[in-house]
Amino acid sequence: MKKISIIGVGYVGLPLAVEFSKIHKVVGFDLNSSRIEELNNHKDSTGEVASKELKTAKNLIFSSDKNSISNSDFFIITVPTPIDKFKKPDLNFLKTACKLSGENLKKNSTVIIESTVYPGLTEEVCIPILEGISGLKINKDFFVGYSPERINPGDKEHRLIDIKKIVSGSNKIAKKKISKLYKSIIKAEVIEVSSIKVAEAAKVIENTQRDINIALMNELAVIFEK
């Protein structure tokens, strides 16, 4: 049984925490204390997880205590990456999550980022923070990977375990570790791609395609109504 710390327990992180807790020890961490309080009361305001699932989830704790994520084998970062008033990515949540992970990294730990990012961000922004804070070296002391979240909020038919999962790693060892971890909960196919940048690009393409399709259907609805 591994210890997995999921940083950010919104509509992406919470379903992950519940699924992984069926076979691993999981900490659902969030700096938002009110979010932690509602989850400890078995309530999910995002509507992604039922109260019954939270009540019966084994090996799962929710905390905003930074010490709770120490000695983790895996850190999975699922924080939001919004845009600022200038339409540029706001990386503050992600950088904070990387700093928290870096403070708690141990030998052979693996950090997985699921947040939406642009190609290159994991290696150019996240890894330097992790190395700088921890004093450890990538692929020597710890590993990193990127696996884009693919949750469709409010969709009760296509759930986390039924959606194909893309995984990547900082080297072959990292990719295999991450692939094995997700295969333990994902019933659909787990797809290993050649690099972290490829996985990041796949997320950008999917988000863009979704936005374009939504915009197209909205335009058609207006036209046909007229």
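This is a short talk that walks through one protein model, from its overall form to a few single residues.

Hi everyone, and thanks for coming. Please keep in mind throughout that this is a predicted model.

Let's begin with the whole protein. Its secondary structure comes to seven helices and eight strands. If you drew a box around the C-alpha atoms along the principal axes, that box would be roughly 65 × 40 × 35 Å. What radius of gyration does the protein have? The value is 18 Å, and a compact globule with 226 residues would come out near 17 Å, so the two agree.

Now for how the chain packs. Of the 226 residues, 46% are buried. If we take contacts between residues at least 6 apart in sequence, 71% of them join residues at least 24 apart. On the outside, the accessible surface comes to about 11800 Å², and carbon and sulfur atoms account for 54% of that. As for charge, there are 35 positive and 28 negative side chains, with the centres of the two sets 6 Å apart.

Let's go inside. The largest nonpolar core holds 30 residues, and Ile7, Ile77 and Leu94 are those with the most contacts inside it. Several elements each supply at least two residues of this core: among the strands, these are strand 2 (25–29), strand 4 (74–77), strand 5 (110–113) and strand 6 (143–146). Helix 4 (92–104), helix 5 (121–134) and helix 7 (196–225) do so as well. Which helix gives the most to this core? That would be helix 5, with six residues.

There is another core apart from this one, with 28 residues, including Val9, Ile112, Leu181 and Ile185.

I'd like to stay with Ile77 for a moment. Leaving out residues up to four places away in sequence, Ile77 touches Ile7 and Leu94, the two residues named beside it for their contacts in the largest core. Ile77 also touches Ala97, Cys98 and Ser101, along with a run of neighbours that includes Val111, Ile112, Ile113, Glu114 and Ser115.

Next, please find helix 1, residues 13–20. Is it mostly covered or mostly open? It is mostly covered, as eight of its eight residues are buried. Those residues are Gly13, Leu14, Pro15, Leu16, Ala17, Val18, Glu19 and Phe20. Glu19 is a nice one to pause on, because its relative accessibility is 15% and it therefore counts as buried. Setting aside residues up to four places away in sequence, Glu19 touches Leu160, Ile161 and Ile185. You may remember Ile185, which is among the members of the 28-residue core.

Helix 1 also gives us a link to helix 3. Glu53 lies in helix 3, and its C-alpha atom is separated by 9.8 Å from that of Pro15, although the two are 38 residues apart along the chain. Unlike the buried Pro15, Glu53 is partly exposed, with a relative accessible area of 33%.

Another pair of this kind involves Asn32, in the loop between strand 2 and helix 2. The C-alpha atoms of Asn32 and Gly8 are separated by 8.9 Å, with their positions 24 residues apart along the chain. Asn32 is partly exposed too, at 39% relative accessible area.

Now over to helix 6, residues 172–183, where we find Ser179. Is Ser179 buried or exposed? Ser179 is buried, with a relative accessible area of 1%. Not counting residues up to four places away in sequence, its contacts are Val167, Val190 and Glu192. From C-alpha to C-alpha, Ser179 is 8.0 Å from Ile191, which is twelve residues away in sequence.

Let me finish with the backbone. Which residue in the loop between helix 2 (33–40) and helix 3 (51–56) should we look at? It is His42, where phi is near 60°, a positive value in a residue other than glycine. His42 is partly exposed, with a relative accessible area of 28%. Asn59 is not a glycine either, and has a positive phi of about 60°. You'll find Asn59 in the loop between helix 3 and strand 3 (60–63), and it is partly exposed at 38% relative accessible area.

That's my tour. Thanks for listening, and I'm happy to go back to any residue with you.

Technical notes: Residues numbered from 1 in each chain as written. Predicted model: local features only at pLDDT ≥ 70, side-chain atom pairs only at ≥ 80, totals over all residues. Heavy atoms only, no water. Helix = DSSP H or I, 4+ residues; strand = E, 2+ residues; numbered from the N terminus. Rg over C-alpha atoms; globule rule 2.2 N^0.38 Å. Buried < 20%, exposed > 50% of the residue type's maximum accessible area, 1.4 Å probe, protein only. Contact = heavy atoms within 4.5 Å. Areas by Shrake-Rupley, 256 points an atom, 1.4 Å probe, with all protein chains shown as cover. Lys, Arg positive; Asp, Glu negative; His and termini not counted. Charge placed at Lys NZ, Arg CZ, Asp CG, Glu CD. Core = buried A, V, L, I, M, F, W, Y, C linked by side-chain atoms within 4.5 Å.
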